[in-house]
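This report describes selected features of a single protein chain, with attention to salt bridges, an enclosed cavity and a surface patch. The sequence and the coordinates are shown first.

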Amino acid sequence: MRVKPKKTRIEKHHIEDFLGRIYMSFCVLLLIVIIVSMVYFVASKGIANFISGEMKVSDFLFGSKWAPEADTPSYGALPFITGSFLVTLLAALIASPLSICAALFMTEIVPGWGKKLLQPVIELLSGIPSVVYGFVGLSVIVPFLRNTFPGQGIGVAAGALVLSVMILPTITSVAADALASLPQNLKESSFALGATRWQTISRVILPTTLPAIMTGVVLGMARAFGEALAVQMVIGNAPFVPRSLFESASTLTSVITLSMGNTTMGSPQNNALWSMALVLMLMTFIFVLLVRMLERRNKI
C-alpha cells in the first residue's frame with residue numbers, strides 16, 4: 001500500500017501566494033469595473049441632453065437662467081458653477097494660511113506639546129458630520145454676518161466660512177506631514193550659516209515644502225468643491241450669479257441634492273442635473289491631475 005506524501009511547507013506557501021494574488025487581482029479588477037461603470041453611467045446621462053438637442057453645451061455652461069419648468073425651459077448652469085468656484089476659492093484662501101501656521105506650530109515652533117494640543121483638535125474637526133457644520137453656520141455665522149454686513153447673512157461668505165473650517169484638517173494634516181518629512185540637515189545647514197528660526201522657516205522650509213503644501217490645498221479644494229449639505233444650509237440656494245459675497249447663491253452640489261428627487265428619470269431636467277454631476281466629476285479629475293503634478297515636483 002502506497003502512502004501519499006504530505007504537502008511540504010514550501011508547497012503550502014506557493015498555494016497561499018497563488019490564492020493571495022488571485023484575491024488581490026480580483027479586488028483591483030472589481031475597483032476598476034466600479035470606477036469605469038460610474039464614469040460611463042454619469043457621462044452617458046450627462047451628455048444625453050446634448051445628443052438629443054434639448055440644450056447646447058454653450059447654453060448649459062454659460063447660460064445664466066435656470067428655469068426648467070418654464071414654458072420655454074432654460075438649463076443655464078453658470079450660476080451654480082460660479083457659486084461652486086467662489087465658495088471653494090474663498091474657503092481655500094481663508095483656510096490655507098491658518099492650516100500652514102498650525103502645521104508650522106506643531107512641527108517647528110513647539111513640536112512637543114504643540115502637536116499634543118493641536119492634533120486631537122484637528123482629528124475632532126475631521127470627524128464632525130457635515131450637518132453639524134451647517135447647523136453651526138446657520139446658528140452662529142449667518143446671524144453674525146446679518147448683524148455686521150448688509151444682507152440676510154446667508155450667501156457666499158457664509159458658505160465659504162463654513163467650508164474653510166471643514167477643509168482645515170485636510171490641509172493641516174498634509175502640510176504637517178510635509179514639514180515633518182523635511183531632511184534635518186537642511187535646517188541645520190541654515191542655522192549653521194547664521195540664519196534665525198524665522199529666516200529658516202521663510203527661506204528654507206516653506207519654499208522646499210511648497211509643492212507638498214499645495215497638494216494639501218488642492219485636496220482641501222476638492223473636498224470643498226464636492227461638499228453639499230453644509231453649504232446648502234447657509235448659502236441661500238438662489239439660482240443667480242451673485243454680485244457680492246453677501247448675496248444668496250447656489251452650488252452644483254446644492255441644486256443636485258435639492259432637485260434630483262423631484263424629477264423624472266430620463267427627463268430633460270433630470271439629464272441637466274446629471275450634466276452638472278458630470279461637471280463635478282470632471283473637476284474631480286482635474287484636482288487629481290493637479291495633485292499628481294504637484295507630487296512630481298515634490299522631490300526633496
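A residue is called buried under 20% relative accessible area, exposed over 50%, and partly exposed in between (1.4 Å probe, protein chains only). The model is predicted, so local features need pLDDT of at least 70 and side-chain atom pairs count only at pLDDT 80 or more, while totals for chains, interfaces and linings use all residues. Residues are numbered from 1 along each chain as its sequence is written, and side-chain values use heavy atoms, with hydrogens and water left out.

**Salt bridges**

A salt bridge is defined as a side-chain nitrogen of Lys or Arg within 4 Å of a carboxyl oxygen of Asp or Glu. By this rule the count is four, and the table gives three of them, among them a pair at 2.2 Å. Helices (H or I, at least four residues) and strands (E, at least two) are DSSP runs, numbered from the N terminus.

| Acidic residue | Basic residue | N to O distance |
|---|---|---|
| Asp17 | Arg21 | 2.2 Å |
| Glu108 | Lys187 | 3.3 Å |
| Glu227 | Arg223 | 3.9 Å |

Glu108 in helix H4 and Lys187 in helix H8 (residues 184–192) are 79 residues apart in sequence, so their salt bridge ties together separate parts of the chain. Glu108 counts as buried at 14% relative accessibility, and Lys187 is buried at 8%. Asp17 and Arg21, by contrast, are four residues apart in helix H1 (residues 9–46), which means a separation of about one helical turn. Asp17 is partly exposed at 41%, as is Arg21 at 44%. In the third pair, Glu227 is buried at 9%, whereas Arg223 is partly exposed at 31%.

**The cavity**

A cavity is a set of points, on a 1 Å grid over the protein atoms alone, where a 1.4 Å probe fits but cannot get out; lining residues have an atom within 4 Å of a point. Grid points are joined across faces, edges and corners, and a volume is the space filled by probe spheres set on the points. One cavity of 30 Å³ or more is counted, and the largest has a volume of about 30 Å³. Its lining includes Glu227, together with Val87, Leu163 and Thr253. Helix H4 (78–109) and helix H9 (197–225) each supply at least two lining residues, and H4 gives the most, with three.

Val87 is also 9.5 Å from Gly155 between C-alpha atoms, although 68 residues separate them along the chain. Gly155 belongs to the loop between H6 and helix H7 (156–180) and is buried at 1% relative accessibility. Thr253 is one of the buried residues of H11. Six of the eight residues of that helix (residues 252–259) are buried, so H11 is largely enclosed by the rest of the structure.

**Surface patch**

Patches are made of residues with over 30% relative accessible area and no salt bridge, like charges being joined within 9 Å and nonpolar side chains (Val, Leu, Ile, Met, Phe, Trp, Tyr) within 5 Å. Accessible areas come from the Shrake-Rupley method with a 1.4 Å probe, and for residues only the protein chains shown count as cover. Val131, Val132, Val136, Val140 and Leu229 form a nonpolar surface patch with about 370 Å² of accessible area together. Helix H6 (residues 130–148) contributes the largest share, four residues. Leu229 lies in helix H10 (residues 229–234) and is partly exposed at 37%.

Notes: 1 Å grid on protein atoms, 1.4 Å probe; cavity = no way out; pocket = protein on both sides within 12 Å on 5 of 7 lines; lining within 4 Å.
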